[in-house]
Amino acid sequence: MIRPISLFNTLTRKVEPVVPLAPGLIKIYTCGPTVYNFAHIGNLRTFLFQDLMKRAFQAAGYQVRHCMNITDVEDKIIRDSQADLAPDATNEARHGAMQALTNKYTAFFLDDLDAMRIQKPDEMPRATDHIGQMKALIQQLIEKGLAYASEGSVYYRLAGFPHYGCLAHLDREGMQSGASVDVDEYEKDQAQDFVLWKAAKAGEPIWNSPWGPGRPGWHIECSAMGMEHLGDRIDIHTGGVDLIFPHHENEIAQSEGALGHQWVNAWVHGEFLMVEGEKMSKSLGNFYTLRDLLEKGYDPITFRYAIQSNHYRKLLNFSFEGLKAAENSLKRIRAFRRRMEGDGAAQAGGGDTWQEAIEPSKRLEEARAAFWLAMADDLNTPEALAAIFTLISDLNAQDDRIALTREERDAVLGFLDETDSIFSAWPHQSPEDGHAVAPGQILTAVLGGVVVHTGDVLSKDRIEAEVRARSAAKAEKNWAEADRIRDELKALGIVLEDHKDGTVGWHKA
Ligand code: AMP
Ligand code: ZN
């Protein structure tokens, strides 16, 4: 059975049933992280909403094909990765430095996904592996009169695309034709011809192109990767609300301009995570990472639940009280699960047996219907969870009076499995109330220039091997390599101590 699901489509501003292009299959494209730093928990809110949506479709009986890109070339990545290079560094060195930074933070990002039980997308293309597709798409736009080269850069001609503004609902009157914008991020009132290919600048890694050396703009990256991996028609495209303009507006102009028809049926956007009323962002410096939460003793799955128990289209203020409340709710569901896994003998007969008994299997079906009614209505998770909590209260009370039979208990466990396949927070053998992931357990080592995506604690052996590699580098007077190893260990929380007698010790920061 396939259950229908409706979502709010930013394009039409309506909650609409999602009708897949191919029966039973939903193709989803997600704008992935810009990997120049740790993802903050605001970013993670967006990735959690996407995971919930994807899992809801799967649990509703659809097959999902999910593509999420990795943005590994972009203004901020270049700024941060090139800062320490000499002005005359080679292009190879520039690409190498950019890749070292993006590899490192891609690995940390994958750890975050694992820790929060976010399903790995079927495809995770990297922008730098798709420069050829981006150039081909730009060429196509030039041939259609929708883009033009100017001083080594290429710009999109807004005047050539009458639908421009359809997603962000812009007033075309106010747009400045002829003027162009070179940066990737700008405001709605600056809607202008935007850059597709950026001419080479000193201090930046570059690729060759028919328009001269340079690099892609951010917006063309997602159009090229989305079309390459999911094709000419996509069911759903997602991101946070800040991507509506200009990023997604520009993706529509690029892809639909080239294709000559609609590219994406539903554009679905998640609301922001705030801190003390302000949007959480790296530029404001008011952010936490998942590692910060771990250090404070919170489980990533508690965070997952705290986010997912709120509706994805409502602004959410992050607070530690919110995390504590999530912890308590999870305790209740997990305790109920353990109770249903048991045989009920201990509780039976303890309650008011004179009360009219309820019929557990009927209550269960009511709860399942209420759960799906809420999920089908634009992923209304607060109501879906309320259906579970009502069931818990009713069945706990009933089980106190007359123990549910094994069959009834198994049917309830089946419902808990079904709902956990979406929320992924109350699996079989749930921890009593402790951690699914121990602090420090998620750790990616970027050592010796190699990303070691272990998922394990950085082992003592591994640290000592790195200490030896550093000593060897020092013996060869390769100070740069020795410093790099020391700095990388430091970034992972390991501080080296150079003793007077030449031995090297270490401790955790
Ligand atoms: P970035 O790595 O900056 O490209 O962002 C990754 C995703 O996080 C994008 O979909 C953004 O829209 C989203 N995002 C950024 N800040 C927040 C926030 N404070 N709350 C929720 N989502 C956010
Ligand atoms: Zn994108």
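Pro-246 is placed in helix H6, where helices (H or I, at least four residues) and strands (E, at least two) are DSSP runs numbered from the N terminus. A cis peptide bond, with omega of about 0 degrees, joins Phe-245 and Pro-246. Most peptide bonds, by contrast, are trans, and most residues other than glycine have a negative phi.

The model is predicted: local features need pLDDT of at least 70, side-chain atom pairs count only at pLDDT 80 or more, and totals for chains, interfaces and linings use all residues. Residues are numbered from 1 along each chain as its sequence is written, chains are lettered from A and ligands numbered from 1 in the order in which they are written, and side-chain values use heavy atoms, with hydrogens and water left out.

**The zinc site**

Helix H6 spans residues 244-259 and also holds His-247. Through NE2, His-247 coordinates the zinc ion (ligand 2), together with the SG atoms of Cys-31 and Cys-222, at 2.0 to 2.1 Å. Donors are N, O and S atoms within 2.8 Å of the metal (3.2 Å for Na, K and Ca); water is not among the atoms, so sites may look incomplete. Along the chain, the donors of this zinc ion follow the spacing C-x190-C-x24-H. Distant parts of the chain are linked here, as Cys-31 lies in the loop between strand S3 (25-30) and helix H1 (41-59), 216 residues from His-247. Both Cys-31 and His-247 are buried, a term that means under 20% relative accessible area, while exposed means over 50% and partly exposed lies in between (1.4 Å probe, protein chains only).

**Individual residues**

Two residues that are not glycine have a positive phi: Arg-117 and Leu-379. They are listed below.

| Residue | Phi | Location | Relative accessible area |
|---|---|---|---|
| Arg-117 | about 55 degrees | loop between helix H3 (91-115) and helix H4 (131-143) | 27%, partly exposed |
| Leu-379 | about 55 degrees | loop between helix H10 (360-376) and H11 | 1%, buried |

Helix H3 contains Thr-106. Because its relative accessibility is 5%, Thr-106 counts as buried. Leaving aside neighbours within four places in sequence, Thr-106 is in contact (heavy atoms within 4.5 Å) with Val-35, Ile-70 and Arg-126.

Ser-393 belongs to helix H11 (residues 381-401). With a relative accessible area of 34%, Ser-393 is partly exposed. Phe-336 is 57 residues away from Ser-393 in sequence, and their C-alpha atoms are 9.3 Å apart in space.

**The chain as a whole**

The protein chain has 14 helices and 18 strands. Its radius of gyration is 26 Å, which agrees with the value near 23 Å for a compact globule of 509 residues; the radius is taken over C-alpha atoms, and the globule rule is 2.2 Å times the number of residues to the power 0.38. Taken along the principal axes, the C-alpha atoms fill a box of roughly 85 × 75 × 40 Å.

Of the 509 residues, 51% are buried. Among contacts with a separation of 6 or more, 75% are between residues 24 or more positions apart. The chain exposes about 22100 Å², of which carbon and sulfur atoms supply 50%; accessible areas come from the Shrake-Rupley method with a 1.4 Å probe, and for residues only the protein chains shown count as cover.
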